[in-house]
Amino acid sequence: MRVACSPGDGIEKQTELALRNLDAILAASGASLATLVKTTIFYANVEDFATINAVYAGFMPDPPPTRSAPANVMLPRGLLISIDAIAALPPV
């Protein structure tokens, strides 16, 4: 599964796309956003945190998973955000 996104799309759209992709990957594994244990959000501009946080809150369960969010990270291909996640998968 590959979805194109460009830096011109802006941080809000890129954050939403990253979270939708994460949700799809988890679903394909039999997990969900509710099974997340930890996320790490790498983002290019510290000024974007409030926007990222608002979009992120709309996707995450309550309470949300543990999170770290290093800012001012140079990401490949000019992306503005990248999200790494650890989830608890259901037993096989």
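**Exercises: helix packing and the core**

Let's start with Glu 12: beyond its neighbours within four places in sequence, Glu 12 is in contact with Thr 51 and Val 55. Keep in mind that this is a predicted model.

**Exercise 1.** Work out where Glu 12 lies and which residues of helix 1 and helix 2 meet.

*Solution.* Begin with the element: Glu 12 lies in helix 1. Next, list the two sides. Helix 1 brings Ile 11, Glu 12, Thr 15, Glu 16, Leu 19 and Arg 20, and these meet Thr 51, Ile 52, Val 55, Tyr 56 and Phe 59 of helix 2. Now sort them by character: six are nonpolar, two polar and three charged.

**Exercise 2.** Describe how helix 1 packs on helix 2.

*Solution.* Two numbers do the job, because a packed pair of helices is described by the angle between the axes and the distance between them. Here the angle is about 30 degrees and the axes are 9 Å apart. Angles under 35 degrees count as roughly parallel, so helix 1 is roughly parallel to helix 2. As for handedness, the crossing is right-handed.

**Exercise 3.** Find the residues that touch the most other members of the largest nonpolar core, then follow Ile 41 outward.

*Solution.* The core has 16 residues, and the ones to pick are Leu 19, Leu 22, Ile 41, Ile 81 and Ile 83. Two or more residues each come from helix 1 (10-28), strand 1 (36-43), helix 2 (49-59) and strand 3 (81-87). Helix 1 gives the most, with five. Finally, leaving aside neighbours within four places in sequence, the contacts of Ile 41 include Ile 52, Tyr 56, Ile 81 and Ile 83.

Notes. Residues are numbered from 1 along each chain as its sequence is written. This is a predicted model: local features need pLDDT of at least 70, side-chain atom pairs count only at pLDDT 80 or more; totals for chains, interfaces and linings use all residues. Side-chain values use heavy atoms; hydrogens and water are left out. A nonpolar core is a set of buried Ala, Val, Leu, Ile, Met, Phe, Trp, Tyr and Cys residues joined through side-chain atoms within 4.5 Å. Buried means under 20% relative accessible area, exposed over 50%, partly exposed in between (1.4 Å probe, protein chains only). Helices (H or I, at least four residues) and strands (E, at least two) are DSSP runs, numbered from the N terminus. Contact means heavy atoms within 4.5 Å. Axes are lines fitted to C-alpha atoms, for helices over the stretch in contact, and angles run from 0 to 180 degrees between N-to-C directions. Angles under 35 degrees count as roughly parallel, over 145 as roughly antiparallel, 65 to 115 as roughly perpendicular and the rest as oblique. A crossing is left-handed if the near helix is turned anticlockwise from the far one by less than a right angle, and right-handed if clockwise. Ala, Val, Leu, Ile, Met, Phe, Trp, Tyr, Cys and Pro count as nonpolar, Asp, Glu, Lys and Arg as charged, and the others, Gly among them, as polar.
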